[in-house]
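Me: I would like a close, connected look at one part of this structure, with its surroundings described as well. Please explain the terms as you go, since I spend more time at the bench than with coordinates.

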Amino acid sequence: MYLIDDVTKMTGLTKRALRYYEEIGLILPPQRTKGNARIYSEEEVKELRKVAEAKEVLGFSLQELQQFMSLKRMIEERSERQGLSLKEITQIEDLLENQIKMIDFKVVKMQAFKTELKEMRESAMAIHEKTKTKTKGEMKEWKDSIQLTD
C-alpha cells in the first residue's frame, strides 16, 4: 500500500490530479487510513500509470479516459457476476472499435510528425556539413592570402 506522496512519485501525477481523478470518477476512491489519508494498492498504482500514459503519451482527454475506465470496470464487474447481454456486448464492441480507430489515427499523426522531425534533423545536419566545408575553404583561402613570399 502506498500513500499519496509515494504515488505521485511513482506516476508523475500531482496530488491535485489524483484527487480530481477520484472526484470525477476516473479512478475509484482509494482506501483510507484511520487518519483519513488515501492509500493506494499496487493495482491502483498500475491503473494510474496507465491513465497518465494514455493522457500524456497518447493525448487522450479526461472524458475519453473516463469512458474507457468505466467500460473496463463494467466488463470486470459483469464477468465476475452474470455476464453481458448481446446488446451490451455490441455497445462495448462499438465503443472499443472507436477507441482503436482513434488510436490508429493518432499513431498515423505521430508517425507523420516523427518523419517531419527526422527530415528537419537531416536538413540541419546538411547545413552543418555545408558550413563546415565552407569554413574550411574560407580558412584555406585566408591562409593562402596571408602567406609571405620570399
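Reply: Happy to help! Let us begin with vocabulary: helices are DSSP runs of H or I with at least four residues, strands are DSSP runs of E with at least two, and both are numbered from the N terminus. Two strands count as paired if DSSP finds at least two bridges between them.

A word on the source: this is a predicted model, in which local features need pLDDT of at least 70 and side-chain atom pairs count only at pLDDT 80 or more, while totals for chains, interfaces and linings use all residues. Residues are numbered from 1 along each chain as its sequence is written, and side-chain values use heavy atoms, with hydrogens and water left out.

The chain has five helices and three strands, arranged from the N terminus on as β-α-α-β-β-α-α-α. Of its 150 residues, 20% are buried, where buried means under 20% relative accessible area, exposed means over 50%, and partly exposed is in between (1.4 Å probe, protein chains only). Contact means heavy atoms within 4.5 Å. Among contacts in the chain with a separation of 6 or more, 55% link residues 24 or more positions apart.

The part I have picked for you is Phe60 and its surroundings. Phe60 sits in the loop between helix H3 (42–56) and helix H4 (62–80). Its relative accessibility is 9%, so Phe60 counts as buried. Beyond its neighbours within four places in sequence, Phe60 makes contact with Ala54, Lys55, Leu65, Gln99, Met102, Ile103 and Lys106. Take Met102 from that list: 42 residues separate Phe60 and Met102 in sequence, yet their C-alpha atoms are 9.4 Å apart in space.

Gln99, another of these partners, belongs to helix H5. With 11% relative accessibility, Gln99 also counts as buried. Apart from residues within four places in sequence, Gln99 is in contact with Phe60, Glu64 and Gln67.

Lys55 leads us on to Leu62, which touches Tyr20, Tyr21, Ile24, Leu26 and Lys55 when residues up to four places away in sequence are not counted. Leu62 lies in helix H4 and counts as partly exposed because its relative accessibility is 22%. Leu62 and Tyr21 are 41 residues apart in sequence, with 8.6 Å from C-alpha to C-alpha.

Now for the space around Phe60. Rolling a probe the size of a water molecule over the atoms shows where empty space is left. The search uses a 1 Å grid over the protein atoms alone: a cavity is a set of points where a 1.4 Å probe fits but cannot get out, a pocket is an open set with protein on both sides within 12 Å along at least five of seven lines, and lining residues have an atom within 4 Å of a point. Grid points are joined across faces, edges and corners, and a volume is the space filled by probe spheres set on the points.

Phe60 is one of the residues nearest the centre of the second largest pocket, together with Ala54, Leu58, Leu65 and Phe68, and 15 residues line that pocket. Its volume is about 230 Å³. H3, H4 and helix H5 (86–146) each supply at least two lining residues, and the largest share, five residues, comes from H4. For residue classes, Ala, Val, Leu, Ile, Met, Phe, Trp, Tyr, Cys and Pro count as nonpolar, Asp, Glu, Lys and Arg as charged, and the others, Gly among them, as polar. The lining of the second largest pocket has ten nonpolar, one polar and four charged residues.

H3 and H4 also contribute to the largest pocket, each with at least two lining residues. That pocket holds about 290 Å³ of space. Twelve residues line the largest pocket, and Leu28, Glu44, Glu47, Arg73 and Glu76 are the closest to its centre. Its lining has four nonpolar, no polar and eight charged residues.

Finally, H3 ties this region to the sheet. The three strands form an open, antiparallel sheet in the order E1-E3-E2. Strand E1 (2–3) and strand E2 (31–32) each have a single partner strand, so one side of each is left without a neighbour in the sheet. E1 is joined to strand E3 (residues 38–40) by two bridges, and Tyr2 stands opposite Tyr40 in E3. H3 lies across E1 and E3, at about 85 degrees to E3; axes are lines fitted to C-alpha atoms, for helices over the stretch in contact, and angles run from 0 to 180 degrees between N-to-C directions.
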